[in-house]
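Here are a few exercises to work through with the model open beside you. Try each task before reading its solution.

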Amino acid sequence: MSNPQFWSAPLRYLRWASHEKPAIFYSMIIGTTGPVLLVSLPPIRRFFGDVDPQPIPLTYPIPQGPRKIPQGYDDE
């Protein structure tokens, strides 16, 4: 029996690969679940109550009023 080509008969190739080359078969299955999860996982997370965290601040907040100078650290 010759090895089936993926593009000519994809289901036949997957059946053949699941028996003859399981590493290729499972890596194809895991590879196809990535884009599917990218689209379907955020709505599922929000349905179960998981919220996105607040964004990390990119600047340091500037305090109001005069700056307090620390006391007791001067060289004497």
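Buried means under 20% relative accessible area, exposed means over 50%, and partly exposed is in between (1.4 Å probe, protein chains only). This is a predicted model, where local features need pLDDT of at least 70, side-chain atom pairs count only at pLDDT 80 or more, and totals for chains, interfaces and linings use all residues. Residues are numbered from 1 along each chain as its sequence is written, and side-chain values use heavy atoms, with hydrogens and water left out.

**Exercise 1. Work out whether Tyr13 is buried or exposed, then classify its ring pair with Trp16.**

Step 1: Tyr13 has a relative accessible area of 14%, so file it under buried. Trp16 also comes out at 14%, so it is buried too.

Step 2: bring in the ring rule: rings of Phe, Tyr and Trp (its six-membered ring) pair if their centres lie within 6.5 Å, with planes under 30 degrees apart stacked, over 60 edge-to-face and the rest tilted. The rule gives three aromatic pairs here. One of them is Tyr13 with Trp16, at 5.6 Å centre to centre and 40° between the planes, which is tilted.

Step 3: place the pair. Both residues sit in helix α1, three residues apart, about one turn of the helix. (Helices are DSSP runs of H or I, at least four residues; strands are runs of E, at least two; numbering starts at the N terminus.)

Step 4: compare with Phe25 and Tyr26, whose ring centres are 5.2 Å apart with planes at 70°, so that pair is edge-to-face. Phe25 is buried at 17% relative accessibility.

**Exercise 2. Find out how the chain is built over the residues 23-41.**

Step 1: UniProt, in an unreviewed entry, puts a "transmembrane region" there; such annotations may be inferred rather than shown by experiment.

Step 2: check the model. Residues 23-41 are 100% helix and 0% strand, with the end C-alpha atoms 26 Å apart.

**Exercise 3. Decide how spread out the chain is.**

Step 1: count elements: two helices, zero strands.

Step 2: use the radius of gyration over C-alpha atoms, against a globule rule of 2.2 Å times the number of residues to the power 0.38. The chain gives 29 Å, well over the 11 Å from the rule for 76 residues, so it is more spread out than a compact globule.

Step 3: add the box, roughly 90 × 40 × 20 Å along the principal axes for the C-alpha atoms. Buried residues make up 7% of the 76 in the chain.
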